[in-house]
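Dear colleague,

I am passing on the structure below, together with some notes on what turned up when I went through it. Please have the sequence and the model open side by side as you read.

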Amino acid sequence: MRLGVLDVGSNTVHLLAMDAHPGARPLPAHSHKTELRLAQLLDADGAIGPEGVDRLVATVAEAVQAAEDKGCEEVLAFATSAVRDATNADEVLGRVRAETGVDLAVLSGEEEARLTFLAARRWFGWSAGKLLLLDIGGGSLEIALGLDEEPAAAVSLPLGAGRLTAGWLPGGPDRPADPAGLRELRRYVRAGIARTVGEFSRHGRPDRVVATSKTFKQLARIAGAARSAEGLYTRRTLSAAALGEWVPKLATMTAEERGHLPGVSPDRAGQLLAGALVAEGAMDLFGITELEICPWALREGVILRRLDHLPAERIALS
C-alpha cells in the first residue's frame, strides 16, 4: 500500500509518500516539501499569526492534493512543537480541519522522541544494543535511550535550532552572531540539557549513539562525512572533536557564508549555529565522543507504527 506522512514541523511542512507493507522497509516514492518556519512566525504572545495560519492552511491543502495525485491510500498527518506550543493551537487546528479536511494529530514531545527512537531501532536493528538517540528539530531537542523498540527514557526539550535562533540570535543574515549573546545561549542550552542527564544515566551507558535531523546531517557533512549522493547505506559519523573545531568557525561566519558550506542548504544556514551549540552541548554532557547519523527519523517512525497496527485481515491481503 502507498501511505502518505504529512509532517507539520517547526521548519517545514513535508509530505512523504511511501510504499510500505508489514515486514518490509518503507520505500520513499515522492516528497513534497515547503519551508514555512512556523517556529519563527509566533507573535509576542506565542500565537501563530494570521499570515502564518493562512500559509499553513494553503500548504496543507497543496500537500493533500499531492498525496491524492500520487495515489496515497491514507495520509497520516501530524504536527510537532511549533503547533504544539502555540497559544492558539486549537484555533489553528480547527481552521486546518475546516478548510482542508485534514485532522492534524499533535504529537507530544515524548511521543515524538519515542517514534523517532522506533525508526532508529528498526534501522540499526537489535545488534546495536542499547541506543541513545539525539534529534534536533526546529522547535525542540528529543533524547531517547533504551534496549527495546520502546525507549526506557525519552524527553523533549525546547531547544530546537529555529526556536533558539529566533529567540537568542536575532542578528541579520549578513553579520556574525554577537559573542555575548552566543555565550548566554550556550549557558542556556547546557543548563537545559544538564537537567536531564541524571534521568538517562541511571539506565547505564549506551552501546551506540545515533542522531537524526537535518541539523546533525549538515554538521556531519561539513565535518567530512560522505555526501548524500554516496547512498543511503554509507556510514556517516560526527565526532565531538570535529564539532568542537567547527562551532567557533560557524560563530564567526554570516548565515550567507554558512550557506556555501558543503551540505548546508541556504534556507537552514541561519539556524545552523544554534543547532551546533545544542549538538555540542548534548555530546559533551552525555560524554559522547562520536555518533552515527541515522537516515530514518520521525516520519518513518510514524509509518512503522501504523504498519504495526494494521488489522490482521489487511496484512493477509497484502
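A good place to start is helix α1 (residues 50–69), whose 20 residues should span 28 Å at 1.5 Å a residue, and since its end C-alpha atoms are 29 Å apart, the model agrees with that expectation. Please keep in mind throughout that this is a predicted model.

Within α1, the buried residues are Gly52, Val53, Leu56, Val57, Thr59, Val60, Ala63, Ala66 and Ala67. The elements that cover these buried residues include the strands β1 (2–8), β2 (12–19), β3 (27–35) and β4 (74–79), along with helix α3 (89–100). Just after α1 comes Gly71, which takes a positive phi of about 80 degrees.

The strands named above also belong to an open sheet of five strands, in which the order is β3-β2-β1-β4-β5 and the pairing is mixed. Its edge strands are β3 and β5 (105–106), each of which pairs on one side only. Inside the sheet, β1 and β2 run antiparallel and are joined by seven bridges, and Arg2 stands opposite Asp19 in β2.

Turning to the nonpolar interior, the largest nonpolar core has 50 residues, and the members that touch the most others are Ile143, Phe216, Leu219, Leu250 and Leu291. Helix α10 (residues 272–285) gives the most to this core, contributing nine residues. Apart from this core lies another, of 27 residues, which has Val8, Ala17, Ile48 and Leu56 among its members.

For Leu219, if its neighbours within four places in sequence are left aside, the contacts are with Leu238, Leu243, Leu250, Leu272, Gly275, Ala276 and Ala279.

One further residue deserves a look, namely Thr196, which has its place in helix α6 (residues 179–201). Is Thr196 buried or exposed? Its relative accessibility is 6%, and because buried means under 20%, Thr196 counts as buried. A polar atom of the Thr196 side chain lies 2.8 Å from the backbone oxygen of Ile193. Not counting residues up to four places away in sequence, Thr196 also touches Ile143, Val155, Leu157 and Phe286, and of these Ile143 was already named among the core members that touch the most others.

With best regards

Technical notes
Residues numbered from 1 in each chain as written. Predicted model: local features only at pLDDT ≥ 70, side-chain atom pairs only at ≥ 80, totals over all residues. Heavy atoms only, no water. Core = buried A, V, L, I, M, F, W, Y, C linked by side-chain atoms within 4.5 Å. Buried < 20%, exposed > 50% of the residue type's maximum accessible area, 1.4 Å probe, protein only. Helix = DSSP H or I, 4+ residues; strand = E, 2+ residues; numbered from the N terminus. Contact = heavy atoms within 4.5 Å. Expected span 1.5 Å × (residues − 1). Polar contact = N/O pair within 3.5 Å; in protein donor to acceptor, adjacent residues only side chain to side chain. Pairing = 2+ DSSP bridges.
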